[in-house]
Amino acid sequence: MECHRVYFILFAMSSLCICIVVSFECDMNAEVCETSLVVDNQLTMTSLTSGGNVCAKGGKLYSNCDDRNEEIPMSEVITADGWEEKKVVVVANLSLSNNPIIVYKDQRLIIKVINNLYSDTVTIHWHGLLQENTPWMDGVGLITQCPILQGQSFTYDFIANPAGTYWYHSHVGMQRVMGLNGPLIIRERHEDTIEEHIMTVQGWNHDWGADHDFLAHFNLTSVLINGRGRYYTNTSTNDHNEAPLETFSVEQGKQYRFRVINVGSGHTFRVSVDNHDIKLIASDGRDFIPVDAESFIFSPGERFDFILTANQSVDNYWIRAVTIGPNNFRIGEAILRYKNAPLVEPVTSRKDCTLSSKCFVVNCPFSYFPEKDYITCNRFADMRRQGNDPAPSPNGTDSVFKEYFLNFGFPGRNSTPASVNGIQFVLPSVSALTQPQEIDVTCENAGCGENKLCKCMHSISINENEIVQLVLLNMGIGRRGAHPIHLHGYSYYVVKMGYATYNNVTGEFISQNEDINCRGVGGPNQSFCNKATWSDPSWLGGNVPGMELQHAPRKDTLLIPSGSYAVIRIKAGNWGVWLMHCHIATHFQDGMGLVLNDSFALQSKSSPPIGFPQCRSFPSAYETRKDGEMEAMEDTDQASENDVYKVAFWVMLPVMMVLLLLTVAYIVYLRKQNLTIIQGSAAGTEMTARS
């Protein structure tokens, strides 16, 4: 059996070949890159070759859980956090969050996704890619395609563009929580002189499955880096289960690019490297002017690239990813190992932030850490891009400017449901992009409105070349936590962020930002904030003061803190149906999303690939409606035909009467003529007889 792009091959006891694809990297000079993702269920802490149990001790894996004398390579086991009770996971190519696809800018990427799951459908979304002219390859079940059924395959085919750090993940239900994700790296088409490492971070729950997570709300037990972590029974005393960790190798004096991706489902992390400052250079695939920092914070869906200079003594150092917030503190760790360092775990500590040496943290979801922490916060809107890439702005009368206020929250009783402007998003039963005429969950008659809740497929229509300004809110009675908002199909410009008011000593929340007027009833803390606007009406029409339009940073996933807002801009024209949603898995599943129906006129002029799958419920409301319309048409045709007969009858009736009268008159005339002839003949006969 031959395996495509396989780095090592293992043989099971049954002599079947098990191909473990650690990474796929396309040749830089290739025009077309082809690979595959085989999606299936696996068990954690189980040997992929023998199927036997695996146990952890001292950062290593063993097959015999009693005497632990037979060591097993880490590459043969999906460890997760090393919890010895097995958990069912959903993975691609036998790898948990650590199966990178690496290609080069403008290459054509063809990926065959094979669904070998026992019970579930699947799709794969390519997070951050614009999918220009290929919107049906965005990989969102029941938005851009039908889910791939068990035993089926679907081949994604698109251009890898632009260059940057991206990732792929399931976009069906809660599968992303179960491990179906991995990095997608698009490099520039030239030799990069700097080595790089790819690092994924995610929260983990070793007790529950994905559906249980959704129904009971996600319970964080540990943090994984590249699919590996430890379960801490006590973080303050450093008690854990000694599971093995990911190691990143460096050489003293060199620089390395780290591409870090939050592939998690619900938690925000602060990432740092002991004894090393980092230079942040990009986020969500877009460069910005480099910033030196002690650490950065990111939420589900976000990515940050940084440069690490290996300028410390030859040793081992902790890489840390810790949760943000006072509740349920968890830590994820990996090892930064210098060449020739001993093969032992680090004993280093995190930088001590002091009054004279404060720590600079990028992308804070609040204005202040507590004063005693000696941390200076940076908001993402403070970043700046280099070069000539201004945010789109109205150009006189030639441009159409549209502005929408979108409030992401939980305004209902008991903080349910999740919604945008009080609308709980509902997926259609068809592929919305390719079967738009069959959508039957639109919002026209759903009863939506100010201080109301409704349930439908929330949609905003935008058209080519329109300047669209979206004001993303987390306000009103439904504000809770922070929401990472991801927009498919676009890399948007972050032109302004307005944070809530915080206590600059304790860092505690005081009140939501006053730039926004939630309207509604009950004041800003009681309103649903479904029909928000600017408190100052002069800000309408794109006249918001303090916006950065010349060098605004760009994102596709941005964290909106509680009581805060962000102003983002795009120029419409990337035709398609693009999902916009909170990237916390449970929030979206509960309805925190909407779609941008972009340039429908252009959509109608294009067709998906030949044979593109269709799906619908049975009986289909559309088919029933269509059959009803056909029956109505047939009835109409029959009625029209009868009407024609009636008209013809009444038109012909007088004609027929005239003809009948003429016929009768003619017959009478002929009879008179015959009678005359007969009488004449009789008279002649009589005269002859007389003579």
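Two strands pair if DSSP finds at least two bridges between them. The structure examined in these exercises is a predicted model.

**Exercise 1. A pair of strands**

Determine which residue of S44 is the bridge partner of Ile485, and state how many bridges join strand S37 to S44.

Solution.
Step 1. Locate the strands: S37 covers residues 483–487, and four bridges join it to S44. The two strands run antiparallel.
Step 2. Identify the partner: Ile485 is bridged to Leu558 in S44.
Step 3. Consider the faces of S44, which spans residues 557–560. In a regular strand the side chains alternate between the two faces of the sheet. Here Thr557 and Leu559 lie on one side, with Leu558 and Ile560 on the other, and all are buried. Both faces of S44 are thus covered.

**Exercise 2. The nonpolar cores**

State how many residues the largest nonpolar core has, and which residues have the most contacts inside it.

Solution.
Step 1. Recall the general tendency: in soluble globular proteins, nonpolar side chains tend to be buried together.
Step 2. Read the size: the largest nonpolar core has 74 residues, and Phe296 and Leu336 have the most contacts inside it.
Step 3. Examine Phe296. Leaving aside residues up to four places away in sequence, the residues that Phe296 touches include Val260, Phe269, Ile278, Leu280, Phe304 and Phe306. Arg270 is also among the residues touched by Phe296.
Step 4. Note a second, separate core of 46 residues, among them Val113, Val122, Ile124 and Tyr166.

**Exercise 3. Disulfides and their handedness**

State how many disulfides the model contains. Then decide whether the link of Cys448 and Cys454 is left-handed or right-handed.

Solution.
Step 1. Count: there are seven disulfides.
Step 2. Take Cys26 and Cys33, whose sulfur atoms are 2.1 Å apart. The torsion about their S-S bond is about -90°, so this disulfide is left-handed.
Step 3. Check accessibility against the cut-off: a residue is buried under 20% relative accessible area. Cys26 has 7% and is therefore buried; Cys33, at 1%, is likewise buried.
Step 4. Turn to Cys448 and Cys454, joined by a disulfide with an S to S distance of 1.9 Å. The angle about the S-S bond is 100°, and the link is right-handed.
Step 5. Compare with the cut-offs again: Cys448, at 29%, is partly exposed, whereas Cys454, at 9%, is buried.

**Exercise 4. Aromatic pairs**

Classify the pair of Phe258 and Phe306 as stacked or edge-to-face, and do the same for Phe288 and Phe380.

Solution.
Step 1. Choose the quantities: a pair of aromatic rings is described by the distance of the centres and the angle of the planes.
Step 2. The structure holds 21 aromatic pairs. In one of them, Phe258 and Phe306 lie 5.0 Å centre to centre with 5° between the planes, and the pair is stacked.
Step 3. Place this pair in the chain: Phe258 belongs to strand S21 (residues 255–262) and Phe306 to strand S26 (residues 303–309), 48 residues apart. Phe258 is buried at 0% relative accessibility, and Phe306 is buried at 2%.
Step 4. For Phe288 and Phe380 the centres are 6.3 Å apart and the planes stand at 75°, so the pair is edge-to-face. Phe288 lies in strand S24 and Phe380 in the loop between strands S30 and S31, so the pair ties together parts that are 92 residues apart in sequence. Both Phe288 and Phe380 are buried.
Step 5. Join the results: Phe258, Phe288, Phe306 and Phe380 are among the members of one aromatic cluster, which also includes Phe296.

Technical notes: Residues numbered from 1 in each chain as written. Predicted model: local features only at pLDDT ≥ 70, side-chain atom pairs only at ≥ 80, totals over all residues. Heavy atoms only, no water. Core = buried A, V, L, I, M, F, W, Y, C linked by side-chain atoms within 4.5 Å. Buried < 20%, exposed > 50% of the residue type's maximum accessible area, 1.4 Å probe, protein only. Contact = heavy atoms within 4.5 Å. Disulfide = S-S within 2.5 Å. Phe/Tyr/Trp six-rings, centres within 6.5 Å; stacked < 30°, edge-to-face > 60°.
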